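Student: Could you take me through one helix of this model in close detail, and then follow its surroundings outward into the rest of the fold?

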Amino acid sequence: MAHCAEGFMPSPPAPKTITLKYFPIAGRAEPIRLALMLGNVKYFDQRIPGQDWTEKWKASTPYGQVPTLNVDGKTIAQSKAILRYVGKLCKYHGYSLYPKDPLVAAKVDELMDAFDDLWILLAPTFLMTDPREKESYRQNLFAPGGAGSAKVSIFERTLAEGGTGYVVPQAGLSVADLLYFCFFNVLRSGFVEGLPRDLLKDYPQLMKHKERIANLSEVKAYYTDSKRSNPNGVPYYEVFLPGK
């Protein structure tokens, strides 16, 4: 009965307080930051120094990981769960960043979940201690014929077939676009050692998509204001700007 009554219930009130906890880098939190920014949702962007993580913060998180989002005293963990939540919460030019239509929402979920395949390919390299071995392995992944290149080609084709410049055409700008934008920028930012700035030079649709998001007036202003987007002054943020 609770589900039957759900459609007749008023929308819940907007949260009074939101705190996002993550490290002072883009990483897995950047799409969440962008969604909240585009939705004009006020939140506290708590950036945890790496040296404080294990001793002061790790044990207080549900899974020993960040990002986490605290909403009026309740904690949400797992980056994509958080991203879906803020996508439902945030609107851009009157449209939700996470679709209400179940089928369109499922396509957004599909394309966000597909990024796990790339993370799985890269994950072993973060345990490698030899820098040359690590960089060589990563470069081979994204060389022609590599497993990483095969995955990136799928994302390129998806954008080309959509024809609108958005990841899911029926959704317009969605959290999936923000995830594409942020994930690929992290890959080419220098943060993932061994992968060059021109990693996507052979993927014109992905680069067009990157420029499309980077040139949104709100996004451009956000990254131009480094005190807001990068208050700790860490490297790797330049690629989020137009033309970079």
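Tutor: In this predicted model, helix H5 runs over residues 102-113, and its 12 residues reach 16 Å from the first C-alpha to the last, close to the 16 Å expected at 1.5 Å a residue. At the N-terminal end of H5, Asp101 acts as the cap, with a side-chain oxygen 2.9 Å from the backbone nitrogen of Leu103. The buried residues of H5 are Val104, Ala105, Val108, Asp109, Leu111 and Met112. An α-helix has 3.6 residues a turn, so residues three or four places apart point the same way. The cover over the buried residues of H5 includes helix H4 (79-89), helix H6 (115-122), helix H8 (147-162) and helix H9 (175-187).

Two of these covering helices, H8 and H9, can be followed further through their aromatic residues. The structure holds 18 aromatic pairs. In one of them, the rings of Phe155 and Phe184 have centres 5.9 Å apart and planes at 75°, an angle over 60 degrees, so the pair counts as edge-to-face. Because Phe155 lies in helix H8 and Phe184 in helix H9, this pair ties together parts that are 29 residues apart in sequence. Phe155 and Phe184 are both buried. A second pair is formed by Tyr237 and Phe240, whose ring centres are 5.6 Å apart with planes at 35°, so that this pair is tilted. Tyr237 counts as buried at 9% relative accessibility, and Phe240 is likewise buried, with a relative accessible area of 1%.

Phe155 and Phe184 also belong to a wider cluster, in which ring pairs link them with Phe115, Trp119, Tyr180 and Phe183. Trp119, a member of that cluster, has Arg28 lying over its face at 4.6 Å from the ring centre. A comparable arrangement occurs at Phe126, where the charged end of Arg138 sits over the ring, 4.6 Å from its centre.

Helix H8 also contains Val152, which counts as buried at 2% relative accessibility. Val152 and Phe184 are 32 residues apart in sequence, and their C-alpha atoms are 9.5 Å apart in space. Leaving aside neighbours within four places in sequence, Val152 is in contact with Phe184, and also with Leu118, Phe142, Leu200, Tyr203 and Leu206.

Beyond H9, the loop between H9 and helix H10 (204-214) holds Ser189, a residue that counts as buried at 12% relative accessibility. The side chain of Ser189 reaches the backbone oxygen of Val186 at 2.8 Å, while its contacts outside the four nearest places in sequence are with Tyr236 and Val239. Tyr236 can also be set against Leu127: the two are 109 residues apart along the chain, and their C-alpha atoms are separated by 21 Å. Leu127 lies in the loop between H6 and helix H7 (131-141), and at 72% relative accessibility it counts as exposed.

Some backbone details elsewhere in the chain also deserve a careful look. Most residues other than glycine have a negative phi, and most peptide bonds are trans. The peptide bond from Val66 to Pro67, however, is cis, with omega near 15°, and Pro67 is found in the loop between helix H3 (53-57) and strand E3 (68-71). Asp72, in the loop between E3 and strand E4 (74-77), has a positive phi of about 50° although it is not a glycine, and with a relative accessible area of 40% this residue is partly exposed. His93 also has a positive phi, of about 55°, without being a glycine; its place is in the loop between strand E5 (91-92) and strand E6 (95-96), and it is exposed, with a relative accessible area of 62%.

As to how far the coordinates can be read, the protein averages a pLDDT of 94, and 95% of the residues score at least 70. Over residues 1-9, by contrast, pLDDT stays under 50, and the model has 0 contacts for them beyond four places in sequence. Where pLDDT is low, the predicted coordinates should not be read in detail.

Key
Residues numbered from 1 in each chain as written. Predicted model: local features only at pLDDT ≥ 70, side-chain atom pairs only at ≥ 80, totals over all residues. Heavy atoms only, no water. pLDDT = per-residue confidence, 0-100. Contact = heavy atoms within 4.5 Å. Helix = DSSP H or I, 4+ residues; strand = E, 2+ residues; numbered from the N terminus. Expected span 1.5 Å × (residues − 1). Buried < 20%, exposed > 50% of the residue type's maximum accessible area, 1.4 Å probe, protein only. Polar contact = N/O pair within 3.5 Å; in protein donor to acceptor, adjacent residues only side chain to side chain. Phe/Tyr/Trp six-rings, centres within 6.5 Å; stacked < 30°, edge-to-face > 60°. Lys NZ or Arg CZ within 6 Å of the ring centre and 35° of its normal.
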